[in-house]
Amino acid sequence: MAHGIHIGYSSILTLQETIAAIALIKFELLKRFTKEFNLLEVDFPLICSEETGFNDDFRITERPVDFDIQPSGIVGEVLQSPNKWRRYVVKKYGIQENEGLLTFSNVLRRDIKQSDVNAVNFTEIGFDKLLGKNVFSFDLIHVTVEKVWECLGAIEKILIKKYDKLTEKFDKQFNWIAHNELEKSMRLLTYQERLNKYTRENGATVLYGLEEIIQDGILVPNESQDTFDWKLYAKIFVYNFYQEKAICIGYCGITVDKEVLKKQTTITKETNKIKTKFDAMIATNELPVTLSFGIYKSQLDLYLLEKQHISEVISSVWEDDFIEYAEKNEIQVL
């Protein structure tokens with residue numbers, strides 16, 4: 001195995017079939033999410049100004065790409081995540097209760113370590129929905145994930161009907177497990193090793209209970225304190241047998257309000273964001289709390305289309321030795 005690709009591997013789909021399938025998955029996701037969750041699709045911006053605080057630095061672990069804009073001298077940043085901007089425009093666009101906004105995002109995160117499952121750029125389809133004040137609970141996370149799972153299963157059936165060499169992977173059942181339960185059951189393994197073992201043995205898994213794994217003020221993984229309520233946040237993992245590892249294909253959570261932001265900021269001690277426009281609006285209750293969901297579409301494409309490297313489903317920049325290996329072994333890099 002080299003670069004995460006098994007010796008002798010070849011794609012089930014041709015290059016043109018792959019490109020068409022990626023477009024089909026996008027079309028179906030947007031169509032089904034819009035109808036199922038009553039959403040308005042809007043264009044996602046490439047950049048924001050630094051002072052807005054719309055960017056997510058994942059607890060100061062990732063640097064945004066920034067630049068000065070002339071003649072104003074304003075510092076612009078390439079958005080690394082759609083969540084904060086999307087929540088802001090729910091208010092700005094006058095979205096009403098039981099309505100929401102849907103975006104297709106091309107995301108650039110310069111500090112991601114590239115691998116067979118991650119590129120510095122990737123696509124995401126997600127939404128923020130405005131609901132009544134008293135409905136935000138973990139039951140809502142359950143219901144939302146189940147609805148999305150039904151959408152994904154239906155899309156998989158469409159793909160298999162068109163490309164009959166693909167196999168069915170979305171079971172009707174999926175598992176829920178808390179971070180601390182997973183850790184206690186496999187203490188000697190790393191975070192990724194636990195996920196690999198658990199999803200391989202139990203199937204698709206929703207991992208929740210982020211708040212409970214905070215130890216000495218250190219949160220792993222690096223989820224920002226001003227985006228999601230850690231008590232009401234979950235990530236979706238599947239086991240990709242073609243890569244022999246668990247991959248994250250999405251998330252679902254409730255965004256923070258004033259009290260949750262204060263509590264989580266006390267834990268992280270990350271006070272530098274308080275002065276930003278975004279955090280100030282949360283602190284004064286100007287932004288509505290939303291249900292937020294996202295599908296990491298590049299990773300979903302990787303999984304559904306039975307690929308062994310992320311470069312087969314999204315165009316990015318790769319080192320020369322990988323490109324040479326791919327060309328020599330007829331790997332279809334986009």
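## Sheet, helices and salt bridges of a predicted model

Val206 has Ile236 of strand 9 as its bridge partner. The model is predicted, and this report follows its central sheet, the helices beside it and the charged pairs.

Val206 and Ile236 introduce the contact of two neighbouring strands: strand 8 and strand 9 run antiparallel and are joined by 4 bridges. On its pairing with strand 10 (residues 245-255), strand 9 is again antiparallel, with 9 bridges. Here Tyr239 has Ala246 in strand 10 as its bridge partner. The hairpin made by strand 9 and strand 10 has 4 residues between the strands, and within the hairpin Glu244 adopts a positive phi near 60 degrees. Strand 9 is mostly covered, with 12 of its 13 residues buried.

Asn240 belongs to strand 9. With a relative accessibility of 0%, Asn240 counts as buried, since the cut-off for burial is under 20% relative accessible area. A polar atom of the Asn240 side chain lies 3.0 Å from the backbone nitrogen of Tyr242. When neighbours within four places in sequence are left aside, Asn240 is in contact with Lys245, Ile247, Leu302, Tyr303 and Lys307.

**The sheet as a whole**

The open sheet is formed by 8 strands in the order 1-5-6-11-10-9-8-7, with mixed pairing. Strand 1 (39-41) and strand 7 (175-178) stand at the edges; each has a single partner strand, so one side of each lacks a neighbour in the sheet. From one strand to the next, the twist averages 25 degrees. Strand 1 runs parallel to strand 5 (residues 99-108), and 3 bridges join the two. Leu40 stands opposite Leu101 of strand 5. Helix 1 (residues 15-37) lies across strand 1, strand 5, strand 6 and strand 11 (290-296), and runs at about 10 degrees to strand 6.

**Helix 6**

Helix 6 (residues 258-268) has Val260, Leu261, Gln264, Thr265 and Thr268 as its buried residues. Viewed down the helix axis, these buried residues fall within an arc of 130 degrees, so they line one face of helix 6. Their cover includes strand 9 (228-240) and helix 7 (277-283). On the other side of helix 6, Glu259, Lys262 and Thr266 are exposed.

Glu259 has a relative accessible area of 54% and is therefore exposed, the cut-off for exposure being over 50%. The backbone nitrogen of Glu259 also takes part in a contact at the start of helix 6, where a side-chain oxygen of Asp257 reaches to within 3.2 Å of that nitrogen. Between the C-alpha atoms of Glu259 and Ala283 the separation is 8.0 Å, although the two residues are 24 residues apart along the chain. Just after helix 6, Lys269 has a positive phi of about 60 degrees.

**Salt bridges**

Side chains of opposite charge can pair when their charged atoms come close. Across the whole structure, a search finds 10 salt bridges. Three pairs are listed below.

| Salt bridge | Closest N and O atoms |
|---|---|
| Asp226 and Lys84 | 2.8 Å |
| Arg86 and Asp128 | 2.7 Å |
| Lys197 and Glu201 | 2.7 Å |

Asp226 forms a salt bridge with Lys84. Asp226 lies in the loop between strand 8 (205-208) and strand 9, and Lys84 in helix 2 (residues 83-92), so this pair ties together parts that are 142 residues apart in sequence. Asp226 and Lys84 are both buried.

Helix 2 also carries Arg86, whereas Asp128 lies in strand 6 (residues 121-130), so the pair of Arg86 and Asp128 ties together parts that are 42 residues apart in sequence. Both Arg86 and Asp128 are buried.

Lys197 and Glu201 both lie in helix 5 (residues 191-202), at a spacing of 4 residues, about one turn of the helix. Lys197 is partly exposed, and its relative accessible area is 30%. In addition, a network of salt bridges links Glu28, Lys31 and Arg32.

Notes: Residues numbered from 1 in each chain as written. Predicted model: local features only at pLDDT ≥ 70, side-chain atom pairs only at ≥ 80, totals over all residues. Heavy atoms only, no water. Buried < 20%, exposed > 50% of the residue type's maximum accessible area, 1.4 Å probe, protein only. Arc of directions from axis to C-beta. Contact = heavy atoms within 4.5 Å. Polar contact = N/O pair within 3.5 Å; in protein donor to acceptor, adjacent residues only side chain to side chain. Salt bridge = Lys/Arg side-chain N within 4 Å of Asp/Glu carboxyl O. Pairing = 2+ DSSP bridges. Axes fitted to C-alpha atoms, helices over the stretch in contact; angles between N-to-C directions.
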